[in-house]
Amino acid sequence: MAIRNIVKDGDDILVKKCRNVVKFDKKLHTLLDDMAETMHRANGVGLAAPQVGILRRVAVIDTIPEQNQVIELVNPKIIAYSGEQEGCEGCLSFPGQWGIVKRPNYVKVKAQDRFGEEFEIEGKELLARAFCHEIDHLDGVVFKEVADRMLTKKEIEEMNG
């Protein structure tokens, strides 16, 4: 496994739509492993392939890093959602930037695993938010585009105590 460079704000790859994965091979497995390690090292809860420079529909999520239960999503699609939550959101590709974003409170995702097997997974609250955020990345949408507003420097300083 290896730590990959995280693409930062201003790189065009962050606003491009990703292509579906069609080969479920060692190269994909390495990408998933590297993305999980990169996400954990950066103290993130999610990471999408375009954030490491790869235009494929691949994302990893781990909302409880101390349990190291990485959810691997290949070719994910949101198939159901309900409710609403509003909260503060950031992104590893936009360090130091935070915004207020409305997301569904419940999301159901259909995806494939690293071997191409289809599965469905549900999430509420933070996990639902992470599913939406990472799948948005795969469609070339960054959180700043869907934020109701971005936090000011003063608000961020107060949030960080």
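This report describes the strand pairing, salt bridges and pockets of a predicted model.

## The sheet

Five strands make up an open sheet, in the order S1-S2-S3-S6-S7, with antiparallel pairing. Strand S1 (46–48) and S7 stand at the edges; each has a single partner strand, so one side of each is left without a neighbour in the sheet. On average, and with direction ignored, neighbouring strands of this sheet are turned by 35 degrees against each other. At the S1 edge, three bridges join S1 to strand S2 (residues 58–61), and the two run antiparallel. Within this pairing, Ala48 has Ala59 in S2 as its bridge partner.

## Salt bridges

The structure holds 15 salt bridges. Three of them are set out below, each with its distance from N to O.

| Pair | Distance (N to O) |
|---|---|
| Lys17 and Asp139 | 3.1 Å |
| Asp33 and Arg114 | 2.6 Å |
| Glu118 and Lys110 | 3.6 Å |

In the salt bridge between the side chains of Lys17 and Asp139, distant parts of the chain are linked: Lys17 belongs to the segment before helix H1 (26–41), while Asp139 lies in the loop between H2 and helix H3 (143–146), 122 residues apart. Lys17 has a relative accessibility of 57% and therefore counts as exposed. Asp139, at 30% relative accessibility, counts as partly exposed.

The side chains of Asp33 and Arg114 also meet in a salt bridge. This pair, too, links distant parts of the chain, for Asp33 is in helix H1 and Arg114 is in the loop between strand S6 (106–112) and strand S7 (118–124), 81 residues apart. Is Arg114 buried or exposed? With a relative accessibility of 14%, Arg114 counts as buried, because the cut-off for buried is under 20%. Its partner Asp33 has a relative accessible area of 27% and is partly exposed.

In the third pair, the side chains of Glu118 and Lys110 meet at 3.6 Å, N to O. Glu118 counts as exposed at 57% relative accessibility, whereas Lys110 counts as partly exposed at 33%. Elsewhere, salt bridges that share partners join Glu89, Arg103, Arg129 and Asp136 into one network.

## The largest pocket

The volume of the largest pocket is about 380 Å³. Its lining consists of 22 residues, and those nearest the centre of the pocket are Val45, Gly90, Cys91, Leu92 and Trp98. Which elements supply at least two residues each of this lining? Strand S4 (85–89) and helix H2 (126–138) do so, and the largest share, six residues, comes from H2. Sorted by class, the lining of the largest pocket has ten nonpolar, nine polar and three charged residues.

## The second largest pocket

The second largest pocket holds about 310 Å³ of space. The residues that line this pocket are Arg4, Asn20, Val21, Val22, Lys23, Asp25, Lys27, Leu28, Leu31, Ile54 and Arg56. How many of the residues in this lining are nonpolar, polar and charged? Five are nonpolar, one is polar and five are charged.

Key: Residues are numbered from 1 along each chain as its sequence is written. This is a predicted model: local features need pLDDT of at least 70, side-chain atom pairs count only at pLDDT 80 or more; totals for chains, interfaces and linings use all residues. Side-chain values use heavy atoms; hydrogens and water are left out. On a 1 Å grid over the protein atoms alone, a cavity is a set of points where a 1.4 Å probe fits but cannot get out, and a pocket is an open set with protein on both sides within 12 Å along at least five of seven lines; lining residues have an atom within 4 Å of a point. Grid points are joined across faces, edges and corners, and a volume is the space filled by probe spheres set on the points. Helices (H or I, at least four residues) and strands (E, at least two) are DSSP runs, numbered from the N terminus. Ala, Val, Leu, Ile, Met, Phe, Trp, Tyr, Cys and Pro count as nonpolar, Asp, Glu, Lys and Arg as charged, and the others, Gly among them, as polar. A salt bridge is a side-chain nitrogen of Lys or Arg within 4 Å of a carboxyl oxygen of Asp or Glu. Buried means under 20% relative accessible area, exposed over 50%, partly exposed in between (1.4 Å probe, protein chains only). Two strands pair if DSSP finds at least two bridges between them. Axes are lines fitted to C-alpha atoms, for helices over the stretch in contact, and angles run from 0 to 180 degrees between N-to-C directions.
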